[in-house]
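Me: I am new to reading protein models. Please take a close look at one buried charged side chain and its partner, then work outward from there.

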Amino acid sequence: MLPKLKLYDTYRRGLFEFIPLSERHVTLYACGPTVYDYAHIGNLRTYLLVDVLKRVLELNNHLVKHVMNITDVGHLTSDADIGEDKMQKGARKHNKTAWEIAKYFEQAFLEDLQALNIRLPQVLCRATEHIEAQIAYILVLEKKGYTYRTGDGIYFDTRKLVSYGKLAKLKIAGLKAGIRVDLGEKRQVTDFALWKFSRLKAEQSQRQMQWSSPWGVGFPGWHIECSAMSEQYLGNRFDIHVGGEDHISVHHSNEIAQCEGRHGHQPANFWIHGYFLQLNQEKLSKSGKSVLLSDLVELGFDALSYRYLLLCSHYRSHMNFSIEALGSAGKALQRLRCSMQKWPDGGAVDVHFQQQFLQHINNDLSMPRAMAVLWAVTKSSLKGADKKATLLYFDQVCALDLDRQVMKVSIPSAVILLAQERQQARLNKNWLLSDQLRAALLQLGYRVKDTAEGFELVAT
């Protein structure tokens, strides 16, 4: 018997049983990338959350209709609706057109998803292909009195909604425009752009992405695209909306405002947010500290080692990334695959361990505990064939390719470099550094043995 699936809803700030709106399928909308640059490994953590959620829903016998947007216009460099369009900025950085970089970085993003066994949505919708839907949405808001015009665009008047900011628990009265916030013609700091004008003739000739509208030539705001596209494909009320924690205070609060203005209710039953990945306790970003999945692969790591590492941390907790932790994850995954290779086929899924696994994944996607159950199976007294069948059942959610044939282990280049540094430290008689590097290698899952020829690395 399946335990009840419970998910944490950011809007209600609590854990609730998930009951779909329709018996036919679960409707899921996930905020996709702004394709002005490569997605870093922190971005990819959110998309792994979506993938695990979808797999858990399917294991609970739900059909899932998954929609994800591609932001290829309208996302400005400041959430306060000022600054340059990120697509324009990316085009200048890479010396290509905005259309070219949108296509290039979208493809790079999709390749990262494939490498991590993250399945694509049924609907992948680009903002630039849904301009008419966004204009139509704004026209309804305008008719209902939720908009006003400034010199640079059409804005949503958040004063018209008593409920504005409930998702983020914003205290509107305390949000005053001070020295650090330039309101311009905005009536309130929380007001946001629905449509931005290409204001100057010179700017119109230089801007690569702009369209005619009832208000003049320009481009849509960042938030309106998700409201328009989610409604087009899922209706004005759907089951689950997923995104990163940075979307809570601005982007998702504004999506809710747009839907409440148009329909009188918020769009999603559950709002699920993945927390940041950190590098040395600092948030990763495309413009600052950034590590790409391709960087890890170039160092010799299996991309699915990174998936394994992410599964060992709950999505609602911040996670600090390190090469040492990734190395340990890679060795653990290798051990699992080696064990699977030794066990015969033809076994049966163990009901006891199956129920434990389901209890954890159905308790707000508690993957760290589910992974502990996975390892408990490997150490149990079950027959090898039954262990294999049980782990393959778990792998429907984990998606670690546990049955992949294990070839000769290739030592990551990062590990070899550390061993070479240690060898040089020994030659320099820097024994303290040598010991520190030996300890670092052990953390990565390798023991170094000194030989007459130099050194040998042995996987622990």
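Reply: Glu 231 counts as buried, because its relative accessibility is 19% and the cut-off for buried is under 20%. Keep in mind that this is a predicted model. What does the side chain of Glu 231 meet in a salt bridge? Its partner is Arg 262, with an N to O distance of 3.6 Å. That pair links distant parts of the chain. Glu 231 sits in helix 6, residues 222-234. Arg 262 sits in helix 7, residues 248-263. The two are 31 residues apart. The general idea is simple: side chains of opposite charge can pair when their charged atoms come close.

Stay in helix 7 for a moment. Ser 253 lies there too. Is Ser 253 buried or exposed? Ser 253 is buried, because its relative accessibility is 3%. Now look at what surrounds this serine. Leaving out residues up to four places away in sequence, Ser 253 touches Tyr 164, Gly 165, Leu 167 and Ala 168. Ser 253 also touches His 247 and Ile 248.

Back to salt bridges. How many does a search of the whole structure find? The count is 17. Arg 55 and Asp 51 make one, and their closest N and O atoms are 2.8 Å apart. Both Arg 55 and Asp 51 are buried. Where do they sit? They belong to helix 1, residues 41-59. Arg 55 and Asp 51 are four residues apart in that helix, so about one helical turn separates them. Here is the rule behind that: an α-helix has 3.6 residues a turn, so residues three or four places apart point the same way.

Asp 401 and Arg 404 also meet through their side chains in a salt bridge, at 3.2 Å from N to O. Asp 401 is partly exposed, because its relative accessible area is 25%. Arg 404 is partly exposed as well, because its relative accessibility is 34%. Which residues are linked with these two in a network of salt bridges? Asp 302 and Arg 337 join Asp 401 and Arg 404 there.

Return to Asp 51 and step across to Leu 120. They are 69 residues apart along the chain, yet their C-alpha atoms are separated by 8.6 Å. Leu 120 is found in the loop between helix 3 and strand 5, which covers 123-126. Leu 120 is partly exposed, because its relative accessibility is 47%. Again leaving out residues up to four places away in sequence, Leu 120 touches Lys 54, His 66, Leu 110 and Leu 113.

That loop follows helix 3, so turn to how helix 3 packs. Two packed helices are described by the angle between their axes and the distance between the axes. Helix 2 covers residues 86-94, and helix 3 covers residues 98-115. Their axes are 8 Å apart, at an angle of about 90°. Helix 2 and helix 3 are therefore roughly perpendicular to each other. Helix 2 brings Met 87, Gly 90, Ala 91 and His 94 to the contact. Helix 3 brings Ala 98, Ile 101, Ala 102 and Phe 105. Six of the residues in this contact are nonpolar, two are polar and none is charged. In helix 2, the buried residues are Lys 86, Met 87, Gln 88, Gly 90 and Ala 91.

Now check the backbone where helix 2 ends. Asn 95 follows this helix, and its phi is positive, near 55°. Most residues other than glycine have a negative phi, and most peptide bonds are trans. Leu 365 is another residue with a positive phi, also near 55°. Leu 365 lies in the loop between helix 11 (351-361) and helix 12 (367-379). Leu 365 is buried, because its relative accessible area is 3%. Lys 429 has a positive phi too, near 60°. Lys 429 is found in the loop between helix 14 (413-427) and helix 15 (431-443). Lys 429 counts as exposed, because its relative accessibility is 62%.

Last, confidence. The mean pLDDT of the chain is 90, and 90% of its residues reach 70 or more. Where is the pLDDT below 50? Residues 176-181 fall there. Beyond near neighbours in sequence, that stretch has two contacts in the model.

Terms used:
Residues are numbered from 1 along each chain as its sequence is written. This is a predicted model: local features need pLDDT of at least 70, side-chain atom pairs count only at pLDDT 80 or more; totals for chains, interfaces and linings use all residues. Side-chain values use heavy atoms; hydrogens and water are left out. Axes are lines fitted to C-alpha atoms, for helices over the stretch in contact, and angles run from 0 to 180 degrees between N-to-C directions. Angles under 35 degrees count as roughly parallel, over 145 as roughly antiparallel, 65 to 115 as roughly perpendicular and the rest as oblique. Contact means heavy atoms within 4.5 Å. Ala, Val, Leu, Ile, Met, Phe, Trp, Tyr, Cys and Pro count as nonpolar, Asp, Glu, Lys and Arg as charged, and the others, Gly among them, as polar. pLDDT is the predictor's confidence in each residue, from 0 to 100. A salt bridge is a side-chain nitrogen of Lys or Arg within 4 Å of a carboxyl oxygen of Asp or Glu. Buried means under 20% relative accessible area, exposed over 50%, partly exposed in between (1.4 Å probe, protein chains only).
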